[in-house]
Structures are given as structure tokens and as C-alpha cells.
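The following report goes through one protein model, from a single residue outwards to its helices, its cores and the confidence of the prediction. Please keep the sequence and the coordinates at hand while reading.

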Amino acid sequence: MSTTKTSKKYLSVVTYCIALVCLLLGLFLPLYNGDGLLFMAIPQAFCTTFGITGDIPGEALSRTFEVTFAGAGTYDFAPLLVTLYAVIAAIGIIMLIPVFACKTTKKGANVCAYIVEVAAAVVLFVYALLQVLAYIDGTYGENAWDYGVVHIALGGTLLMLIIQSLGYKKGSGVVKLVVTVLGAVGVLCLLNIPKLFKLSTTTLFDGNLFIGYFTGAFGIEAVNSLVGTGITNLFGDSLAQMVACIAVGCGGLLAIGNLAFDIIALGADTKKGTLVFDVIRYLIQTILLILGVVMLFVIDNDVTPGLLMYILLAVALIQLIIASVRCGVYKPAKKAESSYTGVAPVAYVDDTVAANAPVPQQQPAYAQPQQPAYVQPVYLQPVYAAPAAPAAAAQPAPQAHQGEVVYTAKEVYHGPSDSFIARLSESEKIEFSKLFLEKINGPYANVPDYVVGGDNKDFFTSIFIYLGKFRSLISDGLMNKIYNELNLLS
């Protein structure tokens, strides 16, 4: 069994268990005020989410993450996020069974861990973002910070996702981590950094650079204007001002969405379609931010882009370049190729045979280069030649031996090989090659082709489904090894 697959299985199990512990700690550690547990508020959050009224057990949810939508009123995301958080944690406990049970030859453990960790990370990312906005606005007063949820649950889950990505994806995992960090920097540029870190705007860059997007406004305010309070709230109703606000607001909203997609991509397999999607979303964000910068310069007042506007634009541009390069150089993983070189085999000629013995004829080259090449079989037993007749009646015949022993070469397989074929004996390799690679008896109905070095579980399974057909064709030794291979793949 491969030690690499075994080590990766252990990596998935260990990181998943740590992430699950972090998720549970976020539910059972006290909230910012030290009085309540998020776990005790789950019934209240669940009933509020689904509109259930009545006598609800547990504690009242002390969090409110209200977002105002234009024309649709205000919606509190706190009950929904807490409910999703609790459901994901419960599913995570159940998923311990397949994570531990999956064999090391499969990716099941990694897939199960990835699904739970990504779902938790995305939900907790939204929770943390709304928590930060509430903290900046002073909704809960001083020190109103859920360390257990944001730092332990979200931080621990993200860290385990990153470790899995680096362990499984290697170089691709490093690139994904860089892109995710850039996305986090971009989202940070949307926020009111002086309030978040309790700084004064006059202390940054000696007061010469205002870090806001607009005069007295930050990027998150442009997003809020776009979503909830109306696009004319910042600049009035002129066309240039509305275009600038819409462009910056959409660019900021897309920056938040792109970070969520970057988190999802940490453990996902890299495919051509996902790379194209990455290029499209980064390109749209870059175009929107460039449009916002240009329109801010054409507005007839003193409004100019701030430092964070340029940082966010630079982040989007770097992400676009990285995604474009990855998409341009991407090559799909190749299937294991046959070691057959396509050179026709040379017929074996036994030079120990008597001169008058017939010489074997040249065997024709194979029509398909994928077909295995092996030396034509020769008998392993010694062959006894008949005694020669006397040359003439007048001359006495020489004393004849009882039979001349002619030794021939051992049959050797020179076809393609993989882990299964390598475990066969020489005769079994040639038998297997004739039956399933050359198909000397023709194709077998309902039996998939055997792919050298590929995933052949369905092939081995079909042999035993149609055992009656192959029982008389396959030797006992080869049948036993096919059975053992099927057990390894199961």
C-alpha cells in the first residue's frame, strides 16, 4: 500500500478533527460578555429563522446582524448564521464516520473533510464580517468581540483548510493561499480601518493621504449605499456621481464575494473551468474599480480616490494576473501511459537448432501501438531431435545418439506494466495480455477496457460478475490475483 496515500489519509483525519474541535469550541465558549453560550441560543436562532413562535427553550440570541435592503426592509442575519453554524457542526460530527472509515486508496476522507470545513469557513466568514461591521459601528459597545467564534472557530477551520491545501495540492496550494490572502487584504481595504484599529486618520502618512474612498466615506459605505440606502446617498443624483458610486459599490461587493470563492477554492481540485471562472470574476472586479477611479476624477468637485481605493485595485489586478497565468499554463493531468514504444518485436530465432531445421518466420508488426509486445512463446521443455538417416548404404552410419537435447530461451513479457501486472508471473502476464490487452478472443461484452496504470476497479468487478464466462479462460493463479486486486481496490 502506498505510504503517500496513507500519510495523506492521516493528514485529512488529523486536520479534520482539529477543525471540528475548533467549531465546537466556538459554540461552547462564552460570548463577549462572558455570560452566555452560543450553543444555548441555537433553539432561539432556529425558531427565528423558520418563523416558529411559542415557548422556545434555551437563551435569547444576544446578537443582531441587521442589513437593510433597498425596498425590502431590514433582515437580521444573526439567527440564520447561527443556525447554519450549528447544523454544519452537527453534520461534521456525523461525518467523522466516513472520514475514519474511508480507505487510504480513495480520496473520501479528504472530500468529506473539505465539504464540512469549506461550508463552516464560508458561514463563519460572513459572521465575522458582520461582527466586524457591528464592532466598528459600536453596536455592542466596547470589547464586544466574539473571540470563540471568530478567532477559534473561523481561524482554526481556515488554518486546517490551508494545511490540507498545501499537503494535497503542493505548488497549487501555495498559489491558492497567496490569492486568498490578497482577497482578505482587499476586503480589509473596504473597512473603516481607523475605527477598527482605534487609530486617528491624521496619524497615517502625516495626514497627507486620506485613506477613505470618498470624502469621509469608506468602501463598505459604498457597498451599503448600493445594497440598502440608495445610490444617490453619497454623491447626489448626477450621472457621473451615480456611476462612480455604483462602480465602487459593485467592485467592493464583488471583492467580498471573491474572497468567499477563494476560501472555497483552497481545497478544491484545479480544473480548466474553475480557472476560467477565476479570470472572469477578477476581470469584472478590476474593470469596475478602474471605472470607479476614472469617474471619481471626472466629477466636478474635489472628490478623489483614497489610498485604499488604489490598494484594492492593485489587489484585484494582481489576482487577475495570477489567475490568467494559471489558466494559460494549465494542463490536465495525464493518464498513465503505456511503456510500449511502438517498435515491432523481433522474432526469436534459436541458433542452437540443427542447420536443416526450419527458421521461424518474422511475425507481423502490431497494427495498434498500444498493444503489448512480447517474445513469441517457446517451450520450456527440452526437445529431442530424431536420429539422422545414413548418408549411403555402402558407408556405415555413425553411431547415433539417443537424441540431441535442444534448449530454447525462456518466455519473457515485454509489454506495458503497472502495479497489478508487476505482481504477476511471466506466464500470467502473457496470459493477461493476450486476453485483455490484445483481446485475442475479441472484445468482451459489458467488460470495460483495462487501462494500464489507470483506475480499473470496474474492470476487476466485471470479471466476477460474469465469472461463468471467464472461468474456463483464466487460469486459477491469475484468477486468484485478480480477486486479491479487487479486494485491495474495494
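## Surroundings of Y75

Leaving out residues up to four places away in sequence, Y75 touches F65, E66, V67, F69 and L80. The model is a predicted one, and in it Y75 has its place in strand β2, which runs over residues 73–76. F65, one of the residues that Y75 touches, is ten residues away from Y75 in sequence, and the two C-alpha atoms are 8.0 Å apart in space.

Is Y75 buried or exposed? Neither word applies, because its relative accessible area is 36% and the partly exposed class lies between the limits of under 20% for buried and over 50% for exposed.

## Two buried polar residues

N192 is situated in the loop that lies between α7 (171–188) and α8 (193–196). N192 has a relative accessible area of 15%, and is therefore counted as buried. Apart from neighbours within four places in sequence, the contacts of N192 are with I136 and F218.

R281 belongs to helix α11, residues 272–298, and is buried, with a relative accessible area of 5%. When residues up to four places away in sequence are set aside, R281 touches L254, N258, F261 and D262.

## Helix α6

Helix α6, made up of the 23 residues 147–169, reaches 31 Å from its first C-alpha to its last, which is close to the 33 Å expected at 1.5 Å a residue. Along its course, α6 bends by about 25° at G155. Just after the helix, K170 takes a positive phi of about 55°.

## Helices α13 and α14

The twelve residues of α13 should span 16 Å at 1.5 Å a residue, and the end C-alpha atoms are 15 Å apart, so the two values agree. Most of α13 is covered, with nine of its twelve residues buried; among them are the charged positions E428, K429 and E431, together with I430, F432 and L435. The cover over the buried residues of α13 includes α14, α15 and α16. After α13 comes K439, which also has a positive phi, near 55°.

In helix α14 (residues 457–465), the buried residues are F459, F460, S462 and I463. These residues lie on the same side of α14, because the arc they cover around the axis is only 160°. An α-helix has 3.6 residues a turn, so residues three or four places apart point the same way. On the face of α14 turned away from its buried side are the exposed residues D458 and I465. The buried residues of α14 pack against α13 (426–437), α15 (467–470) and α16 (476–489).

## Nonpolar cores

Which residues touch the most other members of the largest nonpolar core? Of the 75 residues in this core, they are L38 and Y85, while the largest share of the core, 19 residues, is contributed by helix α5 (residues 108–137). Leaving aside neighbours within four places in sequence, L38 is in contact with G26, L27, L31, L61, V82, Y85, Y127 and V149, a list in which Y85 itself appears.

Apart from this core lies another, of 23 residues, which includes Y413, I421, V452 and M479. As background to both, nonpolar side chains in soluble globular proteins tend to be buried together.

## The whole chain and its confidence

The protein has 16 helices and four strands, and buried residues make up 40% of its 490 residues. Among the contacts between residues at least 6 apart in sequence, 67% join residues that are at least 24 apart.

The average pLDDT of the protein is 78, and 74% of the residues score at least 70. Among its elements, helix α3 (residues 78–94) has the highest mean pLDDT, 95, whereas strand β3 (residues 383–385) has the lowest, 47. Over residues 364–369 the pLDDT is below 50, and this stretch has eleven contacts in the model beyond near neighbours in sequence. The pLDDT is also below 50 over residues 371–386, a stretch for which the model shows 50 contacts beyond near neighbours in sequence.

How values were computed: Residues numbered from 1 in each chain as written. Predicted model: local features only at pLDDT ≥ 70, side-chain atom pairs only at ≥ 80, totals over all residues. Heavy atoms only, no water. pLDDT = per-residue confidence, 0-100. Contact = heavy atoms within 4.5 Å. Buried < 20%, exposed > 50% of the residue type's maximum accessible area, 1.4 Å probe, protein only. Arc of directions from axis to C-beta. Expected span 1.5 Å × (residues − 1). Bend = angle between axes of the 7 residues up to and from the residue. Core = buried A, V, L, I, M, F, W, Y, C linked by side-chain atoms within 4.5 Å.
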